[in-house]
Amino acid sequence: MELLSSIFDNFFEAGYLALILVFQQEIRKFLLMVGSYNFTTKKSLIRHFHFLKNQNKESINTDVRLIVQACKKLAITNTGALIVLQRNGSLDFVKNTGDEMNAIVNIPLIESIFFKNSPLHDGAIIIKENKLVATRVILPVSNERTIPQRFGLRHRAALGITEKTDAVALTVSEETGQISYMKNGEFVLFNDHDELMNIMSEDLS
Ligand SMILES: Nc1ncnc2c1ncn2[C@@H]1O[C@H](COP(=O)(O)OP(=O)(O)OP(=O)(O)O)[C@@H](O)[C@H]1O
């Protein structure tokens with residue numbers, strides 16, 4: 001009987017270990033999100049309780065149309081861009097790698113930042129609601145092996161930040177002018193810009 005119980009004990013211990021190993025990415029992301037989550041803001045709490053959504057009147061939603069329009073303009077001139085859109089989780093751990101800003105977002109501002117000769121064009125920008133809160137930010141790069149080789153560091157950085165936090169990201173490829181949208185460490189597919197705006201509006205509302 002004792003032998004049987006020790007076999008079961010070992011079996012369950014090995015099971016826990018296997019579970020931790022299998023889900024280590026998810027556990028890491030969860031802990032990062034809990035660690036960086038700003039539970040004190042009313043908005044972040046309300047976002048978690050969707051049944052209270054209608055009472056969230058004073059929150060400002062990100063102007064998705066404006067950001068997609070800016071990306072379309074950048075795409076026409078093959079100007080590379082990396083835009084991170086903050087949601088509930090704090091991005092302070094990456095914000096510190098760049099320059100903090102506090103500017104209302106508009107299309108010429110986004111265009112001028114990513115203009116190739118601009119001193120601010122390197123790295124990512126972070127937008128929170130309708131404010132540009134940081135420029136020249138260095139993001140953690142995704143190590144995911146399944147990302148196709150044609151995607152370089154800009155795309156890997158966008159995937160990396162969305163893998164580690166609840167933020168979403170947009171890239172404009174300097175090589176192809178292609179606009180990509182990333183969430184949860186994956187590319188989100190869309191057929192046209194209207195669909196992209198709808199998906200983003202849903203994610204950022
Ligand atoms: N870790 C990072 N965090 C933020 N920005 C980054 C990071 N790594 C690279 N970038 C930005 O991406 C730019 C281009 O990188 P790279 O050419 O390797 O990307 P890519 O995915 O091939 O994109 P593109 O299609 O635009 O060439 C860099 O000049 C830099 O501005």
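**Helix packing, nonpolar cores and ligand surroundings**

In helix α8, the buried residues are Leu196, Met197, Ile199, Met200, Asp203 and Leu204. Viewed down the axis of α8, these buried residues fall within an arc of 165°, so that they line one face of the helix. The face turned away from this buried side carries Asn198 and Glu202, both of which are exposed. The structure described here is a predicted model, in which α8 comprises the 12 residues 193-204 and reaches 16 Å from its first C-alpha to its last, close to the 16 Å expected at 1.5 Å a residue. The N-terminal end of α8 is capped by Asp192, a side-chain oxygen of which lies 3.2 Å from the backbone nitrogen of Asp194.

Helix α6 shows a buried side as well, formed by Ile110, Ile113 and Phe114. These residues cover an arc of only 85° around the axis, which puts them on the same side of α6. Such spacing can be read against helix geometry: an α-helix has 3.6 residues a turn, so residues three or four places apart point the same way. The elements covering the buried residues of α6 include α4, β1, β3 and β4 (131-137). At the start of α6, a side-chain oxygen of Asn106 reaches to within 2.8 Å of the backbone nitrogen of Leu109.

Residues of both helices recur in the largest nonpolar core, which has 29 residues and in which Ile83, Ile110, Ile127, Leu170 and Met200 touch the most other members. At least two residues of this core are supplied by each of α4 (64-76), β1 (81-86), α6 (107-114), β3 (124-128), β5 (168-172), β6 (179-183) and α8. The greatest contribution to this core comes from α4, with 8 residues. When residues up to four places away in sequence are not counted, Ile127 touches Thr62, Ile67, Ile83, Val84, Leu85, Gln86, Val105, Ile110 and Leu132. Apart from this core lies another, of 19 residues, including Leu82, Ile126, Val137 and Phe151. In soluble globular proteins, nonpolar side chains tend to be buried together.

The ligand is surrounded by 17 residues, of which Asp122, Leu139, His155, Ser173 and Glu174 come nearest. Among the polar contacts of the ligand, one involves the side chain of His155, where an N or O atom is 2.6 Å from a ligand oxygen. Backbone atoms also take part: a polar backbone atom of Gly123 is 2.9 Å from an oxygen atom of the ligand, and a backbone N or O atom of Gly152 lies 2.9 Å from an oxygen atom of the ligand.

His155 is found in helix α7 (residues 153-164) and, at 8% relative accessibility, counts as buried, the cut-off for this class being under 20%. Leaving aside its neighbours within four places in sequence, His155 is in contact with Thr171, Ser173, Ser180, Met182 and Phe187. Ser173 is therefore both a contact of His155 and one of the residues that come nearest to the ligand. The C-alpha atoms of His155 and Ala75, which are 80 residues apart along the chain, are separated by 15 Å.

Gly152, by contrast, lies in the loop between β4 and α7 and is partly exposed, with a relative accessible area of 36%. Its C-alpha atom is separated by 9.6 Å from that of Ser173, 21 residues apart from Gly152 along the chain.

Key: Residues numbered from 1 in each chain as written. Predicted model: local features only at pLDDT ≥ 70, side-chain atom pairs only at ≥ 80, totals over all residues. Heavy atoms only, no water. Helix = DSSP H or I, 4+ residues; strand = E, 2+ residues; numbered from the N terminus. Expected span 1.5 Å × (residues − 1). Buried < 20%, exposed > 50% of the residue type's maximum accessible area, 1.4 Å probe, protein only. Arc of directions from axis to C-beta. Polar contact = N/O pair within 3.5 Å; in protein donor to acceptor, adjacent residues only side chain to side chain. Contact = heavy atoms within 4.5 Å. Core = buried A, V, L, I, M, F, W, Y, C linked by side-chain atoms within 4.5 Å. Near = heavy atom within 4 Å.
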